[in-house]
Structures are given as structure tokens and as C-alpha cells.
Amino acid sequence: MFRRILIANRGEIALRIIRAAHELGIEAVCVYSTADRDAPYLRLADRAICIGSGPAKDSYLNIARLMAAAELADVDAIHPGYGFLSERPDFSEVCRDCKIEFIGPSPEAMRRLGDKVEAKRFARQAKVPVFPGSEGAIEDEEEAVAVASEIGFPVIIKAAAGGGGRGMRVCHNEPALRTNIKKAKQEAQAAFGDGSVFIEKFLEHARHVEVQVLGDKHGHAVHLWERDCSMQRRHQKIIEEAPGPGIDRRKIQGVAENAAKLVKQAEYAGAATVEFLMDDQQNFYMLEVNTRVQVEHPVTEAITGVDIVKQSILIAAGEPLPFKQRDIQINGHAIECRVNAEDPSRDFMPQAGQIETWEVPGGPGVRVDSHVVPGYRVPPNYDSMIGKLIVHAEDREQAIRRCRRALREFEVGPIKTSILLHRQLMEDSSFVHAELDIHLLERLLK
Ligand code: MV4
């Protein structure tokens with residue numbers, strides 16, 4: 001087992017990883033930028049090392065400085081959290097070269113599943129459903145037109161190296177496809193250093209459903225069921241819940257089991273999320289695989305009782321998964337509300353500055369994951385998420401009631417946050433009736 005790990009991240013996820021490490025009897029070393037120097041969670045770390053200035057490229061994205069800190073602190077492993085370097089195969093590779101365990105997949109497994117064309121190949125092999133479309137990357141305009149005439153319009157062009165909504169173009173007819181294919185390739189080359197693009201059938205109305213998987217280093221993988229993450233704006237999720245409301249359990253069971261098979265066949269060790277769109281007939285189509293722990297992991301922890309962050313550390317240390325698929329049962333319903341330092345009434349303008357009031361809810365079934373305390377200053381350099389409220393109850397209706405209650409208790413000021421919006425969403429009839437769609441939130445905001 002590891003003696004000491006380094007956390008290559010900040011904020012709530014750094015604190016979440018400190019807590020998991022300490023429960024495992026592992027020392028936690030944090031790194032921080034000068035913008036985070038006064039952050040109180042650093043005092044919970046066994047050691048905190050300054051690695052540079054506020055801009056992420058000079059600190060949390062700077063591999064050389066992170067490796068220097070890891071060497072200085074003599075750690076056995078590095079947890080990347082989410083964002084920053086968490087999905088960079090070159091970082092996983094540098095860790096391996098330095099004989100420091102990367103708490104996440106090998107660079108090879110990360111490359112295999114991080115590339116959307118490759119991931120689709122693994123999906124087909126594992127009988128994970130994908131959208132009809134090109135088998136691999138599209139080489140030229142004629143090939144694109146041929147595939148489109150087979151699957152029919154509308155189609156979507158995606159970058160193999162893209163993700164999270166970057167590098168996509170929807171085409172409704174052949175002339176549009178012809179003009180867009182060249183542009184998409186150039187754009188992908190400029191943005192990701194890889195001009196590979198592929199096309200697939202475009203689905204307009206859908207829900208975003210994702211399956212949590214854990215794979216170990218002994219060839220085992222289990223799924224932890226699904227989350228619905230349809231409540232999003234501009235590819236930023238704002239509410240996530242588990243299990244997916246109204247989803248046929250037999251159907252999702254088959255999809256989730258094959259998602260676990262996909263992860264196993266990719267020889268992937270660590271936490272992974274297989275993302276899907278689900279249409280109104282509850283057909284599933286895989287979008288991509290996220291090769292990291294996700295912001296929304298706590299709703300899955302709530303319904304399964306599995307500590308995903310602890311498991312990710314144990315997997316990296318070479319431990320076999322301590323449970324079988326049949327041990328993973330769903331208990332109740334969980335909802336997560338992301339608390340962002342943003343003003344929803346001003347087009348979600350980021351809010352930096354001092355938080356005076358920070359009164360968090362408590363009581364049965366309420367969890368708040370946050371590094372904020374009264375007097376905390378939100379630095380302007382990073383993303384605006386300052387915490388997460390996670391509620392757990394016996395069913396969705398009770399979870400919504402509990403969520404409303406917790407949101408009433410949650411007071412933050414003077415900076416604006418998404419709490420007021422969450423209070424409104426918990427009363428919205430479409431949300432309450434689980435009439436979910438990836439465009440619902442943007443419709444409600446109009
Ligand atoms: C799609 C799609 C419709 N049809 N693919 C956006 C993020 C990236 N992971 C894939 N995305 C989409 N891919 C096909 N074939 C619609 C989206 C999409 C979306 C997906 C999930 C959550 C929110 C979304 C918002 C807009 C578009």
C-alpha cells in the first residue's frame with residue numbers, strides 16, 4: 001500500500017482525495033499555486049508545496065513542477081483528480097517513467113479510450129451500442145458523403161481527439177457536409193494536434209446517461225450503474241442524479257454490463273465513465289469514455305455505498321476489486337447540485353472575491369463536498385465550482401424534498417451562486433416529473 005500520495009489538483013476534489021487518503025492511512029501531500037496559498041484545505045494535508053503562480057499553466061498544468069514536488073515529498077503515487085492533467089496520457093507516462101504510480105489508467109489505456117474513434121472500436125467489440133456512422137476516421141469529402149447517404153441526415157462531425165462538446169459540427173444536408181468536413185479537420189488539427197474526424201447520425205432530443213465503471217489491474221471490471229446528467233448548460237452539468245429516473249432496469253443493466261466489458265477489454269485500471277445519449281425509446285448510443293474520476297461521482301457513491309476515490313487509490317496500489325458485480329445494489333436515489341460562484345441572472349458571470357456567509361445544510365441524507373469556509377476568497381483563475389450538495393433518500397420524490405430543504409438551509413453571500421437557480425429547478429414541473437432532455441435547462445433559462 002502507498003505510504004504517501006501527491007494530489008495534483010485543488011479545491012473540493014483535492015479535499016475529497018485528502019479525506020480518502022487519510023481514511024486509508026495514507027499521507028496526503030498537496031500542491032498549490034500562489035492564488036490558493038491561503039486556502040484552508042491545505043492545512044488538512046500532511047504537507048503543502050507551492051508550485052507556481054495563479055495561471056494553471058504555471059502550476060497545476062506544469063508537469064515539471066509537479067514532478068519536482070513529488071520528488072521533494074518522496075511520494076509513492078499521484079492522484080490527478082478531474083480537469084487539469086487528469087486525462088493527459090503524457091502525464092500518466094511521465095509518472096510511470098519516474099516510478100511514481102499514477103492513480104488512474106496507464107497511458108496506453110488512456111489513449112485507447114480517450115480517442116473517440118478507438119473508443120468506438122472497443123465499444124463495438126464489447127457490444128456497447130454506438131451511433132451508426134463511419135467505422136473509423138473519415139479521410140475525405142467523398143467518404144463522408146457516402147456514409148451520410150447510408151445513415152441519412154442530419155449527421156454530426158466530431159473530432160476523434162475532441163470531447164465535452166469541443167470540435168463538433170451538425171450538418172443537415174450534403175452541401176453543408178461538404179463544406180464542413182474540411183473545416184472540421186483543420187479545426188481539429190489546430191485545436192488538438194490531430195485532424196482525425198468521424199461522422200455519426202445526429203440525435204436532437206436525448207438524455208445524457210452515463211455508466212460508472214471501476215477496472216482493476218487483475219482483469220476485472222464492475223459497473224456502479226448509471227447517472228442522469230441531462231441538466232446541463234453549454235456542456236457544464238449543473239444537476240446530476242442516480243439512478244436515471246424512469247430507465248428500464250433490464251435495459252440499463254445490459255448496457256452497463258457491456259460498458260464494464262469494454263473497460264475490461266481495454267485493460268483499463270481505475271475509475272472510468274462511459275457516456276451515452278438515450279433517445280425517447282430508451283435506445284442507448286455511446287458518446288465517449290471519460291478516463292478520470294468525475295465531479296458527479298458522489299451520487300453513485302450514495303446509491304451504491306462504494307467510495308470511488310478510495311477504490312481508485314486501492315486499484316492503483318494493485319489491490320483487486322473487493323466486490324463482485326452482484327454485490328453492487330442500488331439503494332435509494334441521490335441528487336447532486338453543483339454550487340458555482342456564478343450569477344445566473346447575468347449570463348452566469350463568474351464571481352470572484354470573499355465569501356462572508358457560508359452556512360451549509362446538514363441533517364439526514366445530506367452531504368456537502370466543498371473546500372469553502374467563511375472568509376474564503378474565490379480566486380479568479382479557476383473554474384467556478386465551489387462546492388456540491390448531494391442528497392440521498394429512499395426514492396426520487398423524497399430526494400427532491402430533501403434537496404429543497406437543504407437548499408433552503410444553504411446560505412452564501414455576498415457573492416452570487418447557483419443556489420437560487422437550484423431552488424427554482426427543484427420546483428420546476430419538467431424536472432420534478434423527470435421529463436429530462438439535454439436542452440431542458442437552456443429552455444428553462446430563456
Ligand atoms: C451528439 C449529440 C447528438 N448526436 N452526438 C456533446 C458533448 C459530447 N460528449 C457529445 N455531444 C453530443 N453528441 C450525436 N450523434 C449531441 C451532443 C450534445 C450533448 C450531449 C450530451 C450532453 C449535452 C449535449 C448538449 C449538446 C449536444
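Serine 59 sits in the loop that connects β3 (47-52) with α2 (63-73), and the structure in which it is placed here is a predicted model. Its relative accessible area is 0%, and because buried means under 20% relative accessible area, serine 59 counts as buried. Within the same stretch of chain, a polar atom of the side chain of serine 59 lies 3.3 Å from the backbone oxygen of proline 55. Leaving aside residues up to four places away in sequence, serine 59 touches Ser33, Ile51, Gly52, Ser53, Gly54, Leu66 and Tyr382.

A second place to look is an open sheet of three strands, whose order is β7-β6-β8 and whose pairing is antiparallel. Its edge strands are β7 (166-171) and β8 (197-201), each of which pairs on one side only. On average, and with direction ignored, neighbouring strands of this sheet are turned by 25° against each other.

The pairing between β6 (residues 155-163) and β8 can be followed in further detail, since these two strands are joined in the antiparallel sense over five bridges. To trace one residue across this pairing, the reader may start at lysine 158, whose bridge partner in β8 is phenylalanine 198.

Two helices lie across these strands. Helix α5 (residues 116-125) lies across β6 and β8 and runs at about 105° to β6, while helix α6 (residues 141-151) also lies across β6 and β8, its direction being at about 15° to β8.

Terms used. Residues numbered from 1 in each chain as written. Predicted model: local features only at pLDDT ≥ 70, side-chain atom pairs only at ≥ 80, totals over all residues. Heavy atoms only, no water. Helix = DSSP H or I, 4+ residues; strand = E, 2+ residues; numbered from the N terminus. Buried < 20%, exposed > 50% of the residue type's maximum accessible area, 1.4 Å probe, protein only. Polar contact = N/O pair within 3.5 Å; in protein donor to acceptor, adjacent residues only side chain to side chain. Contact = heavy atoms within 4.5 Å. Pairing = 2+ DSSP bridges. Axes fitted to C-alpha atoms, helices over the stretch in contact; angles between N-to-C directions.
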